Amino acid sequence: MTEFADLAYPDVEALQDDERPTVLLLPLGATEPHGPHAPLKTDTLISLGICRRAAEQLESDPDVRALVLPPLAYGVTRYGAAFPGAVSIGETTLRALVVEICGSLAAQGFRRIVLVNNHLEPEHVQTLRKAAEELGGAVRLLDVTRKQTAEQLTDEFRSGSGHAGSYETSLVLADEPTLVHRERMEGLESKVIDMPAAIAAGQTDFIAMGMDRAYCGAPQEATAEEGERTFEILTKLLVDLVREVATC
């Protein structure tokens, strides 16, 4: 069993008395448009997929246990506001949710927590970084935007042109393929848009960036095989971080 919320309370109590340290994984994402082909929950789905794979890998590990918390599927999501389905919360709300969830768990003895995020809107990422710093101790953030992490991911991801492109769509195909509208995906043209550069230039919504269908990159090139390869990399990064946190 790898899902924290699947436990009954006596099982949670037993974890507190176990000599094997427990690290809790909090999947973070957003509810926002990801092109006409991919689900609104794409970012959350990716975070949850990484967490579940990591927890399964560690299920029989003698030195650490990882359990997956229920995901937080809302984030700071302003760039996609012109499209139906974008549900945004503010930075203050996001910070409060993360800090209070982690605080509630710490009060029960679960102080080792990894925040796992795949929604990359800058204000969202910055808020999570600050929350992790505020919580300190054994709370860490798996931040895929950090250079040393991004360098291990796909060319499209590193180019900054991966919103609902091949990178993200491949991950969805690997995890929940029925959620991808393949006929729409295959009919989409490639759109090379450097989102970090556009944001630096003051463009703070998809339309201004030229993403008139809420995507960039090359979704038509997405495959489940690419998604599985990327999940392997992301899962290893998370497992390594979990092992580090377990020693705190």
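**Burial, sheet order and helix packing in the predicted model**

Ala138 has a relative accessibility of 3% and therefore counts as buried, in a model that is predicted. This residue is located in the loop between α4 and β4. Apart from neighbours within four places in sequence, Ala138 is in contact with Arg111, Arg112, Ile113, Val245 and Cys248. For one of these partners, Ile113, the separation along the chain is 25 residues, while the C-alpha atoms of Ala138 and Ile113 are 6.4 Å apart in space.

At the level of the whole chain, the secondary structure amounts to 11 helices and four strands. The radius of gyration is 18 Å, which agrees with the value near 18 Å that a compact globule of 248 residues would have. Taken along the principal axes, the box filled by the C-alpha atoms is roughly 55 × 35 × 30 Å. Of the 248 residues, 53% count as buried. Among the contacts with a separation of 6 or more, 77% are accounted for by residues 24 or more positions apart.

The four strands of the open sheet follow the order β2-β1-β3-β4, and their pairing is parallel. The edge positions are taken by β2 (65–68) and β4 (139–143), each of which pairs on one side only. On average, and with direction ignored, neighbouring strands of this sheet are turned by 25° against each other. Strands of a sheet pair through backbone hydrogen bonds, in either a parallel or an antiparallel arrangement. Here, β1 and β2 are paired in the parallel sense over four bridges, with Leu67 in β2 as the bridge partner of Leu24. Strand β3, comprising residues 113–117, runs parallel to β4 and is joined to β4 by five bridges; one residue pair between these strands is Asn117 with its bridge partner Asp143 in β4.

In a regular strand, side chains alternate between the two faces of the sheet. Both faces of β2 are covered, since Arg65 and Leu67 on one side and Ala66 and Val68 on the other are all buried. Arg65, which lies in strand β2, has a relative accessible area of 13% and is therefore classed as buried. When residues up to four places away in sequence are not counted, Arg65 touches Leu15, Asp18, Arg20, Pro21, Thr22 and Val23.

Helix α11, formed by residues 224–246, lies across β1 (22–28), β2, β3 and β4, and runs at about 165° to β4. Helix α2 (residues 42–57) also packs against α11: the axes of α2 and α11 come within 9 Å and cross at roughly 65°, and the crossing is right-handed. On the α2 side, the contact involves Ile46, Gly49, Ile50, Cys51, Arg53, Ala54 and Gln57, which meet Glu228, Phe231, Leu234, Thr235, Leu238 and Val239 in α11. By class, the residues of this contact divide into eight nonpolar, three polar and two charged.

A further helix pair is formed by α3 (residues 91–107) and α4 (residues 122–135), whose axes come within 9 Å and cross at roughly 35°. The crossing of α3 with α4 is right-handed. Helix α3 contributes Glu91, Leu94, Arg95, Val98, Val99 and Cys102 to the contact, and α4 contributes Glu123, His124, Thr127, Leu128, Ala131, Glu134 and Leu135. The contact of α3 with α4 has seven nonpolar, two polar and four charged residues.

Leu179 is situated in the loop between α7 (166–175) and α8 (182–186). With a relative accessibility of 28%, Leu179 counts as partly exposed, because this value falls between the limits of 20% for buried and 50% for exposed residues. Leaving aside neighbours within four places in sequence, the contacts of Leu179 are with His37, Pro39, Lys41, Leu45 and Val172. Leu179 and Met211 are 32 residues apart along the chain, and their C-alpha atoms are separated by 21 Å.

Terms used: Residues are numbered from 1 along each chain as its sequence is written. This is a predicted model: local features need pLDDT of at least 70, side-chain atom pairs count only at pLDDT 80 or more; totals for chains, interfaces and linings use all residues. Side-chain values use heavy atoms; hydrogens and water are left out. Two strands pair if DSSP finds at least two bridges between them. Helices (H or I, at least four residues) and strands (E, at least two) are DSSP runs, numbered from the N terminus. Axes are lines fitted to C-alpha atoms, for helices over the stretch in contact, and angles run from 0 to 180 degrees between N-to-C directions. Contact means heavy atoms within 4.5 Å. A crossing is left-handed if the near helix is turned anticlockwise from the far one by less than a right angle, and right-handed if clockwise. Ala, Val, Leu, Ile, Met, Phe, Trp, Tyr, Cys and Pro count as nonpolar, Asp, Glu, Lys and Arg as charged, and the others, Gly among them, as polar. The radius of gyration is taken over C-alpha atoms; the globule rule is 2.2 Å times the number of residues to the power 0.38. Buried means under 20% relative accessible area, exposed over 50%, partly exposed in between (1.4 Å probe, protein chains only).
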